[in-house]
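Here's a quick walk through one protein model, from a single loop residue out to the main core and a helix pair. Have a look at the sequence and structure first.

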Amino acid sequence: MKARRNKKQVPSFRKLLKTSKVKLENKLKNKQFKQQSTLKKYRKEQRKLRQAVKDAVSKKPVPLEDPKEKRPGKRIEREEEEEEEALPLDMMDEDDLQLMKDLGQRASFLTRDISSSEPVHVKKRKHESVIDKYEKIPRTLQTAPEKELIHLLPIKDKSGIIPQTREKPVIDSNHDEEDQEEMEPEEGNEIIEKPIKELTLEEHLIERKKKLQERKMHIAALASAILSDPESNIKKLKELRSMLMEQDPDVAVTVRKLVIVSLMELFKDITPSYKIRPLTEAEKSTKIRKETQKLREFEEGLVSQYKFYLENLEQMIKDWKQRKLKKSNVVSLKAYKGLAEVAVKSLCELLVALPHFNFHNNIIVLIVPLMNDMSKLISEMCCEAVKKLFKQDKLGQASLGVIKVISGYVKGRNYEVRPEMLKTFLCLRIKEIEVKKDTEDINKPKKFMTFKEKRKTLSRMQRKWKKAEEKLERELREAEASESTEKKLKLHTETLNIVFVTYFRILKKAQRSPLLPAVLEGLAKFAHLINVEFFDDLLVVLHSLIESGDLSYQESLHCVQTAFHILSGQGDVLNIDPMKFYTHLYKTLFKLHAGATNEGVETVLQCLDVMLTKRRKQVSQQRALAFIKRLCTLALHVLPNSSIGILATNRILMHTFPKTDLLLDNESQGSGVFLPELDEPEYCNAQNTALWELHALRRHYHPIVRRLAVHLIAGAPSEGSEALKPELSRRSAAELFEAYSMAAMTFNPPVESSNSKRKDKVLQGDSFLNEELNQLIKRHCSQVATPLPLDFTKCLETSLR
């Protein structure tokens, strides 16, 4: 005979892995709840039995009668048959009668239906007729309302997932005896439902203030407990997070906002400075100390609560985007935006504060699309957070993650995004990238020999020395942190590659896009890091953009700046004539905005520094003269800080090109007449003019402009009475432009107050009047008023006459 096969299978490793600690706890809770309910039922049955015995002792037992006579719906025919079959008492023997009396005093006759032929403790049969069992149940009308079911967490068994439910307790007028007995010592009196009192507006506001104060105190107590001992009170994070689902409509929105901000600050404070990884199966099975176990439980709880918190924030933002009113109707549609703004602000704070912690990439994926949001407030908030992250990220790991997501998002939206998204690239801390391959080949990092190589080439003693030497070299490398430097360069190189790919795609496919200024500005900043192979093509693209005429003057200035950054760095080796870019800058100078915005002046100052000062050997004297003359003319039109920057640039050019001092002489040099309207700096005959604009600037209302004008008229000397002070001479033109800016409505230098020592005699009071008139006034004022009787009858008589 075949041995019976055991159907009970050992759970697989995957199933054991899936059964988490939370599910095991739920299973234990359900088991305890089941034991409690069984104990409760047993107590109830015992109470009923005791009551039945008391009734049997006090009253005369009638065992053969049905104890449930009062209940309607009994089978009358069966009762009649039983009455006919029953024997009268006088025909029974005395022993039988005594036996019946004893049986009547037992509880089993009084507590069960005698019409049923089943014994008391009968077990359920497998093949019991369902219809017969159903028919035995008395048909009663449904008077009680249907009980609501509470869905509990399911239990996972070997057979599968078993759903768990529990009936919601409903307060009923017909309580059981047990409920009555339990309620008596606690409450003592019956609960009388009072009608809800209608509150006035003032009372409602007072009630709301009281509720809000209670919630605030509760939040503060939980937060302080968590901060005081995070490892012991990590479970209170869950309690605090549950307040995100506040259901009181009076304070729901305010409480949720407070909880969001409180949790954000808590996570910033208690989060460790490392990433928490999940434990392996081997680590879980090994025995550890209590302190280590406590730390592990804290880390697991922290990661899970942080994850749920981020999911809650994401859901709030989704609710605002979809604008769907929830069934609970606790929060109105108008409040969705306020909640979403607080959620976004918290996400931005966490993005900047916890770049090393878990789920940072998830926060990036949430924040990047919001940088292009229709709401200006949310868009600016996210862009500022990303800029802040770029500025403080020293290694470059977090910056690389953000750049990847932004690049993919811009490409996915077909370059129809806000320019602010690309302007964040300007805050990247990339100053150097991986060295070129040819220099890497020269200075290759030293590689250590393998064991096989050592065995082939070295003797035993040599291997021993080699091992000690390599150990020392490793320690030296760690001390120099060369590995971290290599990692940093690698990350920066990868980041910059993605940035340039994004820039070049826009230059190629979306030249009329509003993103072009941000692209050109970015290229101007990172041009010195571009590979030499792309220089020729990039300069051709920049020149074609300028010649197209579709760009604004500021965009064309960025093109010029990019071109010269390329040529001043690695582009020195290229044989390219940038004359067309000089011509374009010379032509654009008179198009600068002369109003309060000062747009383009700072870019012009940077371009002049790169084009004329740093490339002094490639610049002719004629070109330098033309630029100095046009810059002096421009200084007459712009704001004071722009004039200071331009005059400081002219001072540097006069020092760089000493022969340009001929512009301070009124005698013409050579043939021809100066042509101020010609846009070719080489052929405008600038040597035949003079800097008469400096005499007009000597009478400027700003003292620093006057000082610089006088200094240039004297020939920009380095020593003597006309020389500049160090605070002006040692600063660059761009620094002076920023220092004397009036964007914040502050005057530099401050305006002197007019407190003159000489006090003018001010005429006061009677000094304005005639002398005779003054005497008359004094005489009348000095007279004493004599009291006279007031008799109105005389006046009345005269009026009657």
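Leaving aside neighbours within four places in sequence, which residues is histidine 700 in contact with? In this predicted model, the partners of histidine 700 beyond that window are Pro640, Val705 and Arg706. You'll find histidine 700 in the loop between helix H29 (693–697) and helix H30 (703–713). Its relative accessible area is 17%, and because the cut-off for buried is under 20%, histidine 700 counts as buried.

Now for the whole chain. There are 34 helices and two strands in the protein chain. Of its 801 residues, 32% are buried. The accessible surface is about 56,700 Å², with 53% of that belonging to carbon and sulfur atoms. As for contacts with a separation of 6 or more, 70% of them join residues 24 or more positions apart.

One such long-range pairing in terms of sequence is worth a look on its own. Lysine 423 lies in helix H17 (residues 419–423), and its C-alpha atom is separated by 7.5 Å from that of glycine 522, although the two are 99 residues apart along the chain. With a relative accessibility of 36%, lysine 423 falls in the partly exposed class.

Here are the two residues with their accessibility side by side:

| Residue | Relative accessible area | Class |
|---|---|---|
| Histidine 700 | 17% | buried |
| Lysine 423 | 36% | partly exposed |

On to the core. In soluble globular proteins, nonpolar side chains tend to be buried together. The largest nonpolar core here has 162 residues, and the members touching the most other members are Leu237, Leu302, Tyr309, Leu350 and Ile406. Helix H13 (residues 333–353) gives the most to this core, namely twelve residues. Take leucine 350: not counting residues up to four places away in sequence, it touches Met264, Phe267, Lys268, Tyr306, Tyr309, Leu310 and Ile363.

How do H13 and helix H15 (residues 376–392) sit, and at roughly what angle do their axes cross? The axes come within 9 Å and cross at roughly 5°. That is under 35 degrees, so H13 and H15 count as roughly parallel to each other. On the H13 side, the residues involved are Glu341, Val344, Lys345, Cys348, Leu351 and Val352. They meet an H15 set that includes Leu377, Ile378, Met381, Cys382 and Ala385. Sorted by class, this contact of H13 with H15 has eleven nonpolar, one polar and three charged residues.

Technical notes
Residues numbered from 1 in each chain as written. Predicted model: local features only at pLDDT ≥ 70, side-chain atom pairs only at ≥ 80, totals over all residues. Heavy atoms only, no water. Helix = DSSP H or I, 4+ residues; strand = E, 2+ residues; numbered from the N terminus. Buried < 20%, exposed > 50% of the residue type's maximum accessible area, 1.4 Å probe, protein only. Contact = heavy atoms within 4.5 Å. Areas by Shrake-Rupley, 256 points an atom, 1.4 Å probe, with all protein chains shown as cover. Core = buried A, V, L, I, M, F, W, Y, C linked by side-chain atoms within 4.5 Å. Axes fitted to C-alpha atoms, helices over the stretch in contact; angles between N-to-C directions. Parallel < 35°, antiparallel > 145°, perpendicular 65-115°, else oblique. Nonpolar A, V, L, I, M, F, W, Y, C, P; charged D, E, K, R; others polar.
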